[in-house]
Amino acid sequence: MVGRIQAYPSVPVYTIINPNSGPMSTSDLYPNYATCIPELKNAGSNSVVLGYVKTGYASDASSAVEADIDTYATWPTTYRPTGIFFDEVSNDAGDASLYATYASYARSKGFNFVRSTVASIVRMALMRHPYRS
């Protein structure tokens with residue numbers, strides 16, 4: 001994959017890592033994560049590694065979502081993700097501020113790139129929030 005990333009430097013590549021439906025502690029990680037993630041991070045400026053965080057369609061406790069972000073934040077910088085990818089995103093526009101809060105929290109932990117799967121209703125609402133990278 002690294003060779004393909006380097007062969008097309010003008011094409012952004014977003015790799016979502018998902019060790020266990022979210023992060024694992026570094027002591028539980030499979031050894032290949034510590035090897036592969038740095039290769040992806042160093043493949044080029046077009047390569048972005050995102051840590052997977054599920055949100056349960058806005059039903060997961062905020063503390064659980066933040067704990068997943070915190071776990072990624074504890075990973076050594078060599079294989080720490082560049083950003084966070086939120087999955088299982090609600091399609092209710094009323095939840096947009098919750099996701100904006102999650103994005104702000106991730107940025108406060110040093111993740112400068114935040115993305116998510118979003119339904120069109122939430123996508124429109126998020127355009128009015130400081131959620132976009």
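Why does D60 count as partly exposed? In this predicted model, the relative accessibility of D60 is 22%, so this residue falls in the partly exposed class, because buried is reserved for values under 20% and exposed for values over 50%.

**View 1. The overall fold, with its helices and strands.** The secondary structure of the protein comes to 5 helices and 4 strands, and, read from the N terminus on, these elements follow the order α-β-α-β-α-β-α-β-α. Of the 133 residues in the protein, 42% are buried. When contacts between residues at least 6 apart in sequence are considered, 78% of them join residues that are at least 24 apart.

**View 2. Helix α3 and its buried side.** Helix α3 is made of 13 residues, from 62 to 74, and it reaches 18 Å from its first C-alpha to its last, which is close to the 18 Å expected at 1.5 Å a residue. Four residues of this helix, V65, D68, I69 and Y72, are buried. They lie on the same side of α3, because they cover an arc of only 95° around the axis. A general rule helps in reading this pattern: an α-helix has 3.6 residues a turn, so residues three or four places apart point the same way. The cover over the buried residues of α3 includes the strands β1 (13–17), β2 (47–54) and β3 (83–87), together with helix α4 (96–108). On the face of α3 that is turned away from the buried side, the exposed residues S63 and T74 are found.

**View 3. The salt bridges, seen through their side chains.** The count of salt bridges comes to 2. In one of them, the side chains of D60 and K54 meet at 2.8 Å, N to O; K54 counts as partly exposed because its relative accessibility is 27%. In another, the side chains of K109 and D70 meet at 3.6 Å, N to O. K109 lies in the loop between α4 and β4, whereas D70 belongs to helix α3, so this pair ties together parts that are 39 residues apart in sequence. K109 counts as partly exposed, with a relative accessibility of 32%, and D70 is also partly exposed, with a relative accessible area of 26%.

**View 4. The buried charge of D87.** D87 lies in strand β3, and although this residue is buried, it has no salt bridge. The nearest side chain of opposite charge is that of K54, 9.2 Å away, whereas a salt bridge would need a side-chain nitrogen of Lys or Arg within 4 Å of a carboxyl oxygen. Leaving aside its neighbours within four places in sequence, D87 is in contact with Y52, V53, K54, T55, G56 and T117.

**View 5. Aromatic rings, in a stacked pair and in a cluster.** The structure holds 7 aromatic pairs. In the pair formed by Y14 and F113, the ring centres are 5.3 Å apart and the planes stand at 20°, so the pair is stacked, since planes under 30 degrees apart count as stacked. This pair links distant parts of the chain, for Y14 is in strand β1 and F113 is in strand β4 (residues 113–116), 99 residues apart. Y14 counts as partly exposed, at 44% relative accessibility, while F113 is buried, with a relative accessible area of 14%. Elsewhere, ring pairs link Y72, W75 and Y79 into a cluster, and Y72 is also one of the buried residues of α3.

Methods
Residues are numbered from 1 along each chain as its sequence is written. This is a predicted model: local features need pLDDT of at least 70, side-chain atom pairs count only at pLDDT 80 or more; totals for chains, interfaces and linings use all residues. Side-chain values use heavy atoms; hydrogens and water are left out. Helices (H or I, at least four residues) and strands (E, at least two) are DSSP runs, numbered from the N terminus. The expected span of a helix is 1.5 Å times one less than its number of residues. Buried means under 20% relative accessible area, exposed over 50%, partly exposed in between (1.4 Å probe, protein chains only). The arc is that of the directions from the helix axis to the C-beta atoms. Contact means heavy atoms within 4.5 Å. Lys and Arg count as positive and Asp and Glu as negative; His and the chain ends are not counted. Rings of Phe, Tyr and Trp (its six-membered ring) pair if their centres lie within 6.5 Å; planes under 30 degrees apart count as stacked, over 60 as edge-to-face and the rest as tilted.
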